[in-house]
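Subject: A structure for you to look at

Hi there,

Here is the structure I promised to pass on. Open it up first, and then read my notes below with the model beside you.

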Amino acid sequence: MNQDLLIKQIVEEVLKNMNSTNINEVSDIVKDVLKSDKVTSANYPLGEKMPEKIKSQSGIKLSDVTLDKVIKGEIGSKDIRISKETLELQAQVAESVGRNAFAQNLRKAAELIAVPDDRILEIYDALRPYRSTKQELYDIADELKNKYGCTINSEFVIEAANVYEQRGRLKVVD
């Protein structure tokens, strides 16, 4: 018996026991849920259950990454970096088990893939207390949003700037 049929039967049985009157309507809802493109904990670990969807930043499939190719120099560091699409799939798994904060963090990470590593380190340093003025943090937020398309991270930096202002943690300029 396949997993979709089993889920449908379980849902129908539960609803029968709850004195549901319209099993056909419920069956249609179950079918819609099963057709969804969302990934859930049933798909985890992704590398084992849906390896065809896992690709690196450079577009190389997980199945194409082998030790032999690494040794031969056919696979480089950019070929094994996680892609924003893979992070989104991981976020969907997290949401499916109620780990919404973790899912949001994965989406922040997915956005940051577009930002060069050295710039991420500079931004990290700028976000430490007393390192930046409010305007400098706002400028970083603007850069993240407009240059790299990082809307979630941009909002985070703005929030940090406002909290730092409230708590007196901004850099003082003479």
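Let's start with a puzzle: is Glu 143 buried or exposed? Keep in mind that this is a predicted model. Glu 143 turns out to be buried, because its relative accessible area is 17% and the cut-off for buried is under 20%. You will find Glu 143 in helix α8, which covers residues 134-148. If you skip the neighbours within four places in sequence, Glu 143 is in contact with Arg 119 and Tyr 148.

**The big picture**

Now zoom out. The chain has nine helices and zero strands, so if you go looking for strands you will come back with zero. Reading along the sequence, you get the pattern α-α-α-α-α-α-α-α-α. There are 174 residues in the chain, and buried ones make up 26% of them. The accessible surface adds up to about 11,900 Å², and carbon and sulfur atoms account for 52% of that. As for how the chain meets itself, take the contacts between residues at least 6 apart in sequence: 53% of these join residues at least 24 apart.

**The nonpolar core**

Next, the inside. In soluble globular proteins, nonpolar side chains tend to be buried together. Here the largest nonpolar core has 15 residues, and those touching the most other members are Leu 127, Leu 137, Ile 140, Leu 144 and Val 157. Three helices each supply at least two residues of this core: α7 (117-126), α8 and α9 (151-167). Which helix gives the largest share? That is α8, with five residues.

Try clicking on Leu 127. Not counting residues up to four places away in sequence, Leu 127 touches Leu 137, Phe 156, Val 157, Ala 160 and Tyr 164.

**Another buried leucine**

Leu 87 is worth a look too. This residue sits in helix α5 and is buried, with a relative accessible area of 8%. Apart from neighbours within four places in sequence, the residues in contact with Leu 87 are Ile 82, Leu 106, Ala 109, Ala 110 and Ile 113. For a sense of distance, Leu 87 and Lys 108 are 21 residues apart in sequence, while their C-alpha atoms are 9.3 Å apart in space.

**Salt bridges**

On to the charged side chains. Side chains of opposite charge can pair when their charged atoms come close. How many salt bridges does a search of the whole structure find? The search finds ten, and I picked out a few for you.

One of them pairs Arg 107 with Glu 88, at 2.8 Å from N to O. This pair links distant parts of the chain, since Arg 107 belongs to helix α6 (residues 100-112) and Glu 88 to helix α5 (residues 84-96), 19 residues apart. Compare how covered the two partners are: Arg 107 is buried, with a relative accessible area of 16%, whereas Glu 88 counts as partly exposed at 26%.

Lys 171 and Glu 136 also meet through their side chains, at 3.5 Å from N to O. Lys 171 lies in the segment after α9 and Glu 136 in helix α8, so this salt bridge ties together parts that are 35 residues apart in sequence. Both partners are partly exposed: Lys 171 has 33% relative accessibility and Glu 136 has 32%. Salt bridges can also share partners, and that is how Glu 88, Glu 95 and Arg 107 are joined into one network.

A third example is Arg 128 with Asp 125, where the closest N and O atoms are 3.7 Å apart. Here Arg 128 is partly exposed, with a relative accessible area of 38%, and Asp 125 is partly exposed as well, at 34%.

**A nonpolar patch outside**

Last stop, the surface. Which residues make a nonpolar surface patch of about 330 Å²? They are Leu 67, Val 70 and Ile 71. Ile 71 is part of helix α4, residues 67-71. Why does Ile 71 count as exposed? Its relative accessibility is 66%, and exposed means over 50%.

Have fun turning the model around!

Best wishes

Conventions:
Residues are numbered from 1 along each chain as its sequence is written. This is a predicted model: local features need pLDDT of at least 70, side-chain atom pairs count only at pLDDT 80 or more; totals for chains, interfaces and linings use all residues. Side-chain values use heavy atoms; hydrogens and water are left out. Patches are made of residues with over 30% relative accessible area and no salt bridge: like charges are joined within 9 Å, nonpolar side chains (Val, Leu, Ile, Met, Phe, Trp, Tyr) within 5 Å. Accessible areas come from the Shrake-Rupley method with a 1.4 Å probe; for residues, only the protein chains shown count as cover. A salt bridge is a side-chain nitrogen of Lys or Arg within 4 Å of a carboxyl oxygen of Asp or Glu. Helices (H or I, at least four residues) and strands (E, at least two) are DSSP runs, numbered from the N terminus. Buried means under 20% relative accessible area, exposed over 50%, partly exposed in between (1.4 Å probe, protein chains only). Contact means heavy atoms within 4.5 Å. A nonpolar core is a set of buried Ala, Val, Leu, Ile, Met, Phe, Trp, Tyr and Cys residues joined through side-chain atoms within 4.5 Å.
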